[in-house]
Amino acid sequence: MRHLATFDDRDSAPTIVTADVILTVDDDTPRAEAMLTASGRILAVGTLAEVEAAADAAGVAPVRADFPGATIVPGFIDAHAHPLMYGQLLTWVDVSPAKAASIPEIVELMREGARRLPAGVPLRGYGYEQRNLQERRHPTKEELDRVATDREVYIMNASGHGGVVNTFTLQKYGITRDTPNPEGGEFFRDADGELTGELSDAACNVLTGLHGVKIGHHGPNFHLGDEPAEHQRQLDIAQREFLSSGVTALGDAQVSKRELSAYLAMADRGELSVRVSIYFLSHLLDQVVELGLTGPFGNAFLSVAGIKLYADGTLGGWTAYFPEGYIGDPCRTGQLYHEPAEYAGLVARAHAAGLQTATHAQSPTAIAMVVDAVEQALTERPDHDARHRIEHCGLPDPKEIARMARLGIRPVNQTQHYYNWGEGVEQAIGTPGERFNPLGEFIEAGVPVTISSDAPVAEPRPLEAIQAAVTRVTRRGHKLGPDSLRISAEEALRGHTLEGAITLGRENELGSLTVGKRADFVVLGANPLTAAADTIADIPVRATWVDGTPRYDADGR
């Protein structure tokens, strides 16, 4: 019989933890100098004398973990990430802007990658963003043919919603200029109707098979199939990255049988150290409802949270829905994955079953469709605490923000998206793009802000995300929009901790350093609330603890 191992089985030793300051993200005791933890829980928070007295009263003899010069914060919560895809990409060739500034440089990196692989093994790269390349365009199949003509070559766009393949790949899967576009995807063609090699969303099912990309408007799943043992290696790699950045809990916003099987195997090995709340892709809605997975289910390290839906595509890949066309390419309008009535029916079915929904939506039209559907569902079955989510929520109309506040809808934003390619949004849709992820407007309207990474679209680096939220300055030094879109460091820290826990429905156990909650915390090299705003991303993560047990130490101890 399989045993779902968790840290609940590993009784952590009673410990008094001290630092220069402990930022609890708890309104009752916002700052402290010491904590007492035992059995994975926080037993006391306050002054060192208060914590020592609590240990005496509890009859425990704690060990000490002192971090002079450090700041302790709650474990970061990454409420929207794709760990398996992130782990996969970390085994691919990195062709991101930091590695390749032009298409010839991409080609050379991919050639080097090919030399490290056996003959015939597919070659995969990730991270290019066409607007960051010197050529300001996607590579073509002919350019990838310079890498190899006898194996699959695929480079994934930074958006995660498409990329480019070589001629061999198209021929292998029988894709010609006459192949119709699948629902929810596109094989791109030039002015003469010839395939360029670029493909997006559901067209990527040539790579993943039907168990990868779910057609029928239920959104993409770009986790390419690998052997189960390889998926375990990929998750191990990804988990190390999350822990090294201080992430102790996350929401996997794209789960099908493949991902669930991988997590179960990881837990069975006793190696699942980051808490995962899973959101099943909406093509599985009927099965989830039929099985009754509509209430709290799982354990402290692997649990079911809700259903993931897609309203439109991505801004980075120009597949978010702008019916008037993109300024950068008026012929592109993007897409809606569902007609409004069909989408509203899915939300209503999930809501009626008590399931939280998390819908990817970027354009004003798509976001309004989500708000309409949630409002309809709440009218039919009132629930003051449904916590329906909008993922990314890139460019909401101000009137929709006001409705979100009234309906209790929670946007889950990724500030690193505008940190990494905010200029590209302006290039794509014009000056409205400067409002991308308008966190300040959310706060002003009373809409709680949740910050996440969307890894692998961005690296899971919470401190970088917090800096971007505070400054709205991109990696290239461009200020995106007015100061009214910025938020404070305190609000950003809360957005990556307690608000993430609330979004996942786990605030009773995670998100703040509060007595009774789980002892998940991060030791930082400086205080992000007092550091210069443009240096927050440079603050080192010294250690990450989960359930009162160190799971990452920068010094390797």
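**Exercise 1. Salt bridges**

How many salt bridges does the count come to? Then describe individual pairs and say how exposed their residues are.

Solution. The structure is a predicted model.

Step 1. The count comes to 35 salt bridges, where a side-chain nitrogen of Lys or Arg must lie within 4 Å of a carboxyl oxygen of Asp or Glu.

Step 2. Take Arg64 and Asp66. Their side chains meet in a salt bridge with an N to O distance of 3.0 Å. Asp66 has a relative accessible area of 41% and is therefore partly exposed. Arg64, with 43%, is also partly exposed.

Step 3. Take Asp236 and Arg269. The closest N and O atoms of this salt bridge are 2.9 Å apart. Asp236 belongs to helix α7 (residues 228–244), while Arg269 sits in the loop between α8 (257–268) and β13 (275–281), so the pair ties together parts that are 33 residues apart in sequence. Asp236 is partly exposed at 21% relative accessible area. For Arg269 the value is 37%, and that residue is partly exposed.

Step 4. Take Arg435 and Glu441. They form a salt bridge in which the closest N and O atoms are 2.8 Å apart. Glu441 counts as partly exposed because its relative accessibility is 22% and the buried class ends under 20%.

Step 5. Salt bridges can also link up. Arg275, Arg506, Glu509, Arg518, Asp520 and Asp547 are joined in a network of them.

**Exercise 2. Strand β2 and its partners**

Which strands pair with β2, and in what sense do they run?

Solution.

Step 1. Start with β1 (residues 15–23). This strand pairs with β2 in the antiparallel sense over 6 bridges. Within that pairing, Ile16 has Leu36 of β2 as its bridge partner.

Step 2. Go on to β3 (residues 41–46). It runs antiparallel to β2, and 5 bridges join the two. Ala34 stands opposite Gly46 in β3.

Step 3. Look at the connection. β2 and β3 form a hairpin with 2 residues between them, and Ser39 in the turn has a positive phi of about 50 degrees.

Step 4. Check the cover. β2 (residues 31–38) is mostly covered, with 6 of its 8 residues buried.

**Exercise 3. An open sheet**

In what order do the 6 strands of the open sheet lie, and which strands stand at its edges?

Solution.

Step 1. The order is β6-β7-β8-β9-β11-β10, and the pairing is mixed.

Step 2. β6 (93–94) and β10 (185–189) each have a single partner strand, so one side of each is left without a neighbour in the sheet; these two stand at the edges.

Step 3. At the β10 edge, β10 pairs with β11 (residues 195–201) in the antiparallel sense over 4 bridges. In this pairing Glu186 has Ser200 of β11 as its bridge partner.

Step 4. Add the helix. α3 (residues 103–115) lies across β6, β7 (123–128) and β8 (153–157), and runs at about 145 degrees to β7.

**Exercise 4. Nonpolar cores**

Which residues touch the most other members of the largest nonpolar core?

Solution.

Step 1. The largest nonpolar core has 97 residues, and Phe242, Phe280 and Ile390 touch the most other members. Helix α11 (residues 364–380) gives the largest share of this core, 9 residues.

Step 2. Follow Phe242 outward. Beyond its neighbours within four places in sequence, its contacts include Asp78, Pro83, Tyr86, Leu250, Val274 and Pro460.

Step 3. Another core, of 18 residues, lies apart from this one; among its members are Val93, Ala114, Tyr128 and Ala148.

**Exercise 5. Thr314 and two cysteines**

Is Thr314 buried or exposed? Is Cys331 buried or exposed, and how many disulfides does a search of the whole structure find?

Solution.

Step 1. Locate Thr314. The residue is in the loop between β15 (302–310) and α10 (340–352).

Step 2. Thr314 has a relative accessible area of 5%, so it is buried.

Step 3. List what Thr314 touches. With neighbours within four places in sequence left aside, Thr314 is in contact with Ser159, His161, Thr319, Ala320, Tyr326 and His360.

Step 4. Turn to the cysteines. Cys331 is exposed, with a relative accessible area of 73%, whereas Cys393 is buried at 0%.

Step 5. The search of the whole structure finds 0 disulfides.

How values were computed. Residues are numbered from 1 along each chain as its sequence is written. This is a predicted model: local features need pLDDT of at least 70, side-chain atom pairs count only at pLDDT 80 or more; totals for chains, interfaces and linings use all residues. Side-chain values use heavy atoms; hydrogens and water are left out. Buried means under 20% relative accessible area, exposed over 50%, partly exposed in between (1.4 Å probe, protein chains only). Contact means heavy atoms within 4.5 Å. Two strands pair if DSSP finds at least two bridges between them. Axes are lines fitted to C-alpha atoms, for helices over the stretch in contact, and angles run from 0 to 180 degrees between N-to-C directions. A disulfide is a pair of cysteine sulfur atoms within 2.5 Å. A nonpolar core is a set of buried Ala, Val, Leu, Ile, Met, Phe, Trp, Tyr and Cys residues joined through side-chain atoms within 4.5 Å.
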